[in-house]
Amino acid sequence: MLYLLCGILGGAVLGAVCIPLFKREETLESAIIEETQWDLLQRKKEVVLGNIQDLDFEYKCGKLSDEDYHKIRSEMSVEAASVFQEIENIEADADLDALIRREINARKAKSKAAVPAISCPSCGSSNPATNKFCAECGAKLKH
Ligand SMILES: [Zn+2]
């Protein structure tokens, strides 16, 4: 029964991890030209972190022995660390412009999809309504 439960939960977790990835794929298709090494690494990072999550989950469910868990976990940690390192290297020198463009686009898309705006009582700039303080001047926003 416990195994069945773990299987169901595991499937749900896997689904939750995969669905956003597929969604991202679709939106990425239009911007595929801009895909950089950094993007690839970001996805690799998500996969690696997802694997670690799955591993932790299976361990908690009792599917893995301590020994196996720690062995695989340390291998995955090494892999994750190397991906993080690669990302850092790229962010340190390479295509910062593309990085910033992507970051801005992502934020635009996010703010479009999400919360209504609220204007700052002090400087009048527009802030997402989830903000407690103005991003421009730091004044407290009135809700
Ligand atoms: Zn302000």
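**Figure 1. Confidence along the predicted chain.** In this predicted model, the protein chain has an average pLDDT of 79, and 70% of its residues reach at least 70. Helix α2 (residues 37-60) carries the highest mean pLDDT among the elements, 92, while helix α1 (residues 2-30) sits at the lowest, 55. Then there's the stretch over residues 28-33: pLDDT is below 50 there, and the model gives this stretch zero contacts beyond near neighbours in sequence.

**Figure 2. The whole chain, element by element.** What order do the elements come in from the N terminus? They run α-α-α-α-β-β, which adds up to four helices and two strands. Buried residues account for just 2% of the 143 residues in the protein chain. As for contacts between residues at least 6 apart in sequence, 39% join residues at least 24 apart.

**Figure 3. Helix α2 and what comes just after.** How far apart are the end C-alpha atoms of α2? They are 34 Å apart, and that agrees with expectation, because 24 residues at 1.5 Å a residue should span 34 Å. Just after α2, Gly-62 shows up with a positive phi of about 85 degrees.

**Figure 4. Close-up on Leu-41.** Leu-41 belongs to helix α2. Setting aside residues up to four places away in sequence, Leu-41 touches Val-83, Glu-86, Ile-87 and Ile-90. One of these, Glu-86, is 45 residues from Leu-41 along the chain, yet their C-alpha atoms are separated by 7.6 Å. Is Leu-41 buried or partly exposed? Leu-41 counts as partly exposed because it has 19 C-beta neighbours inside 10 Å, and buried would take 20 or more. For anyone eyeing the spacing of those contacts, a general reminder: an α-helix has 3.6 residues a turn, so residues three or four places apart point the same way.

**Figure 5. Close-up on Met-76.** Here we move to helix α3, the home of Met-76. Which residues is Met-76 in contact with, leaving aside neighbours within four places in sequence? They are Val-48, Asn-51, Ile-52 and Leu-55. Take Asn-51: C-alpha to C-alpha, Met-76 and Asn-51 are 7.9 Å apart in space, with their positions 25 residues apart in sequence. Met-76 has 17 other C-beta atoms within 10 Å, so this residue is partly exposed.

**Figure 6. Close-up on Phe-84.** Phe-84 is also part of helix α3, which covers residues 66-93. Where does Lys-45 lie relative to Phe-84? The two are 39 residues apart along the chain, and 7.3 Å separates their C-alpha atoms. Phe-84 comes out as partly exposed because 14 other C-beta atoms lie within 10 Å.

**Figure 7. Close-up on Ser-126.** For the last view we leave the helices and go to strand β2 (residues 126-128), where Ser-126 is found. Ser-126 is in contact with Ala-117 and Ser-119, once neighbours within four places in sequence are left out. How far is Glu-136 from Ser-126? Their C-alpha atoms are separated by 8.8 Å, and the pair is 10 residues apart along the chain. With 13 C-beta neighbours inside 10 Å, Ser-126 counts as partly exposed; a count of 12 or fewer would have made a residue exposed.

Methods
Residues are numbered from 1 along each chain as its sequence is written. This is a predicted model: local features need pLDDT of at least 70, side-chain atom pairs count only at pLDDT 80 or more; totals for chains, interfaces and linings use all residues. Two residues are in contact if their C-beta atoms, placed from the backbone, lie within 7 Å. pLDDT is the predictor's confidence in each residue, from 0 to 100. The expected span of a helix is 1.5 Å times one less than its number of residues.
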